[in-house]
There are 2 protein chains.
Amino acid sequence: MSAVKSSAETALLLLPEDEVKRRHDKVRALMTGVDALLVSDNANLYYLTGRVFAGYVYLPAEGPAIYFVRRPVHLEGDDVVFIRKPEEITQTIGLNLPQTIGLELDSETYSAVMRLSRLFPGAQTANASAILRQARSVKTPFEIEMMRRSGVKHVHVYSHIPRLYQPGMTDIELQVEIERLSRLEGCLGQFRIAGSTMELYMGNILVGDNADAPSPYDFAMGGAGADPSLPVGAAGEEIAPGHTVMVDMNGNFDGYMTDMTRVYSLGEISDLARKAHQCSIDIHRRLTAMMTPGTPAKALWEEAEAMVKERGLHEYYMGHRQHAGFIGHGVGIQINELPVIAPRSRDILAAGNVIALEPKFVIPHVGAVGIENTYTLLDDGSVECLTPAPEAIEAFLV
Amino acid sequence: MSAVKSSAETALLLLPEDEVKRRHDKVRALMTGVDALLVSDNANLYYLTGRVFAGYVYLPAEGPAIYFVRRPVHLEGDDVVFIRKPEEITQTIGLNLPQTIGLELDSETYSAVMRLSRLFPGAQTANASAILRQARSVKTPFEIEMMRRSGVKHVHVYSHIPRLYQPGMTDIELQVEIERLSRLEGCLGQFRIAGSTMELYMGNILVGDNADAPSPYDFAMGGAGADPSLPVGAAGEEIAPGHTVMVDMNGNFDGYMTDMTRVYSLGEISDLARKAHQCSIDIHRRLTAMMTPGTPAKALWEEAEAMVKERGLHEYYMGHRQHAGFIGHGVGIQINELPVIAPRSRDILAAGNVIALEPKFVIPHVGAVGIENTYTLLDDGSVECLTPAPEAIEAFLV
């Protein structure tokens, strides 16, 4: 992949030719009744080209894609057309305008969609967001390799976490040292999330009672955060004996993210916390054995739910004062992709899915426990863990 | 303001009562022909309530606001109504439905706007984004005080930057140390930007030739970045003698951001770079003298442009291979607010504006030079600099 990177200066397409074809063909196969897509969401542009740029990919059901670029000005390639405004797009497409145009209705603003739809008078509008979300839920081997590489670095960063703790540290102080170490290992920092309502900076560290502070965001866990303008995660409290420290930090090292959580502790923690942590590990074992192509995503949720109830841990499961409605999610370019492992999910697992499982518990006055790993379903039916690392609660040395 | 923070646990409204009234009244004054706004963008929710939550503020032209909350579940206050889905909103509003409803057409997705507009059958839709953007461009004294406090911390972090440099460092390594210091000083990390196409992690450091690498984003400066998935800023090159180091890092310490750029150097830099840096400082002096209520924003652009041409620096101004189309912008909850200081801006300066000015230059093989400060126009007509710090290029000690 390093050969690919070296052309990053000028080539618009930063993926091998066959990889571009594979991705575009996968999207086309989902374009039933849709003549063309016009894509401008950064995550989707990155998927279709291997880079983020300001502009649009026009992907017809038949024929080559056209790349309309506003910025940067130095890109090159076949079918690259520079434009100043979207109104210039249809001049290039010419007379063969689509009857049904797919626009990203779930990520582009109302104003942007209205402006684009006016380019195609009389055309029907279809939802390109749904098509791309579906296509991106099944990763190519190239994408899985990107995630494997992120996972290796992610695991490496976590292996150093126990050494970062210093007595008297707050949750934020520990997080800052993990941020620094991650960044020096090559973490890009950015946490790409689908949807504008969810916000997070570099990940989440939860300690003690703050793990039980409800947050507005649809993440698995909460935390009050340091400020009401970003009310999630670490809140500035000192890590005290008897606390767990849940670390769920950014694994975006190359544009593809892995998602990983491990738990550390200071001193002795309660038996309840240990029991719940073991339940999480057991859920991982059980669910990964069930993760085969064709399995309904909600069957995983139901199995986990049954295990939790059987062990009497339900009131702590996926939160205590406030509960999350899912225990796993697809991950890739964004942290919240398909499939969703939730009670009413209609997703069916497929080879190529990459899924983060995060059955977690919030134990009052202790903190959060449970692990998260990112798994991929390979073509041969096996499940590979992209974040292999010790799973037990590790005590900080003091 | 600390008394306000202490109620953050449960009170929905985290602003003093008169501050809430002042902001809501300011928005209402702009609601000509609009019966009510339904707001859900995080930046706008924070403006109207003092906190981010998952839900909606319903702000009628007359009568009290209603706060529809989906998460977190523990919020309290008058006129707080918990909902699971937006369809429950109109049950609470009852028979007095608006004839014209303002929705955030420039920030909410097409799908979200369509879902909300179906709640008000037969009603006209107006653009709440435009109304709130205008209202937020004129800060209250409370908001300016928040920004003043961010500015103090921002300046403090910058004062330590020369001590963070170590020989042999790359741009990214230096950035990581600045990130760490900022975070330990209380920086929230998050860089709130209006619009989904612009992305940035914690700010931008530009060194040497990388300053001339065009980026897809509409920031003032570029940089290739470390990866084509986030092609902006530091690229991993070692800082070498003769280079400038432009630092434009996150100043979000309390939900309100200041914007600030300073330049450092390693060894001797070219006379051209010094001349351009002085030109930037001189532009700041000239433009702040012009910043009075009633001045057209574009007059500032034109004055700066004339100064640059007069000194023969035009080919380096606001970029070299690629040029930015503005030299200043409003700042507050987001980094790109009104007014915009650009050639075709129709904005007129008003007391309460907070404006970041960033006349910058890219000098090939040296790097970027020029400063950025955040200024506010006070009610008495004076201009206050919220980021007061030495402006000359400071050499790293080696």
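**Entry 1. Helix H3**

I began with helix H3 (residues 42–49) of chain A: eight of its eight residues are buried, so the helix is largely enclosed by the rest of the structure. The model is a predicted one. I listed the buried residues of H3(A) as A:Asn42, A:Ala43, A:Asn44, A:Leu45, A:Tyr46, A:Tyr47, A:Leu48 and A:Thr49. I then looked up what they pack against in chain A: helix H2 (17–28), strand E1 (36–39), strand E2 (54–60), strand E3 (66–71), helix H6 (128–137) and helix H7 (141–159).

**Entry 2. The two chains**

I superposed chain A on chain B and noted a rotation of 180° with 0.0 Å of shift along its axis, at an RMSD of 0.0 Å. This is the relation of a two-fold axis. Of the interface residues of chain A, 100% are also interface residues in chain B, so the copies meet through the same surface.

**Entry 3. H5 against H5**

Two packed helices are described by the angle between their axes and the distance between the axes. I took helix H5 (residues 110–117) of chain A and helix H5 (residues 110–117) of chain B, whose axes come within 7 Å and cross at roughly 105°. H5(A) and H5(B) are therefore roughly perpendicular to each other. From H5(A), I found A:Tyr110, A:Val113 and A:Met114 meeting B:Tyr110, B:Val113 and B:Met114 of H5(B). Sorted by class, this contact has six nonpolar residues, no polar and no charged ones.

I also checked A:Leu116, which lies in helix H5 of chain A. A:Leu116 is buried, with a relative accessible area of 4%. Leaving aside neighbours within four places in sequence, I found A:Leu116 in contact with A:Leu38, A:Tyr56, A:Pro86 and A:Leu103. For a long separation I noted A:Leu116 and A:Ala211, which are 95 residues apart in sequence and 44 Å apart in space, C-alpha to C-alpha.

**Entry 4. Strand E8**

I turned to strand E8 (residues 244–249) of chain A, where six of the six residues are buried, so the strand is largely enclosed by the rest of the structure. In a regular strand the side chains alternate between the two faces of the sheet. I found both faces of E8(A) covered, with A:Thr244, A:Met246 and A:Asp248 buried on one side and A:Val245, A:Val247 and A:Met249 buried on the other.

Which strands pair with E8(A)? Strand E7 (residues 203–207) of chain A does so in the antiparallel sense over five bridges, and A:Val207 has A:Val245 of E8(A) as its bridge partner. Strand E11 (residues 262–265) of chain A is also antiparallel to E8(A), over four bridges, with A:Met246 opposite A:Val263 in E11(A).

**Entry 5. A:Gln175**

I looked up A:Gln175 in helix H9 (residues 171–184) of chain A. Is A:Gln175 buried or exposed? A:Gln175 is buried, with a relative accessible area of 5%. Apart from neighbours within four places in sequence, A:Gln175 is in contact with A:Tyr201, A:Gly203, A:Ile205, A:Ala234, A:Met249 and B:Arg183. Of these contacts, I noted that A:Met249 belongs to the buried residues of E8(A).

**Entry 6. The five-stranded sheet**

In chain A I traced an open sheet of five strands in the order E13-E12-E14-E17-E18, with antiparallel pairing. Its edge strands are E13 (337–341) and E18 (383–385) of chain A, each pairing on one side only. On average, neighbouring strands of this sheet are turned by 25° against each other, direction ignored. Within chain A, I found four bridges joining E14 (residues 354–357) to E17 (residues 373–377); A:Val354 has A:Thr376 in E17(A) as its bridge partner.

**Entry 7. Backbone exceptions**

Most residues other than glycine have a negative phi, and most peptide bonds are trans. I noted a cis peptide bond from A:Arg71 to A:Pro72, with omega near -5°. A:Pro72 is in the loop between E3 and strand E4 (80–82) of chain A. Another cis bond joins B:Leu338 and B:Pro339, with omega about 0°, and B:Pro339 is in strand E13 (residues 337–341) of chain B.

For phi, I noted A:Met318, which is not a glycine and has a positive value of about 55°. A:Met318 is in the loop between helix H11 (297–310) and strand E12 (328–330) of chain A, and is buried with a relative accessible area of 1%. B:Asp79 has a positive phi near 65°. B:Asp79 is in the loop between strand E3 (66–71) and strand E4 (80–82) of chain B, and is partly exposed with a relative accessible area of 39%.

Note on methods:
Residues are numbered from 1 along each chain as its sequence is written. Chains are lettered from A and ligands numbered from 1 in the order in which they are written. This is a predicted model: local features need pLDDT of at least 70, side-chain atom pairs count only at pLDDT 80 or more; totals for chains, interfaces and linings use all residues. Side-chain values use heavy atoms; hydrogens and water are left out. Two strands pair if DSSP finds at least two bridges between them. Helices (H or I, at least four residues) and strands (E, at least two) are DSSP runs, numbered from the N terminus. Axes are lines fitted to C-alpha atoms, for helices over the stretch in contact, and angles run from 0 to 180 degrees between N-to-C directions. Copies are superposed by least squares on the C-alpha atoms of residues with pLDDT of at least 70 in both. Contact means heavy atoms within 4.5 Å. Angles under 35 degrees count as roughly parallel, over 145 as roughly antiparallel, 65 to 115 as roughly perpendicular and the rest as oblique. Ala, Val, Leu, Ile, Met, Phe, Trp, Tyr, Cys and Pro count as nonpolar, Asp, Glu, Lys and Arg as charged, and the others, Gly among them, as polar. Buried means under 20% relative accessible area, exposed over 50%, partly exposed in between (1.4 Å probe, protein chains only).
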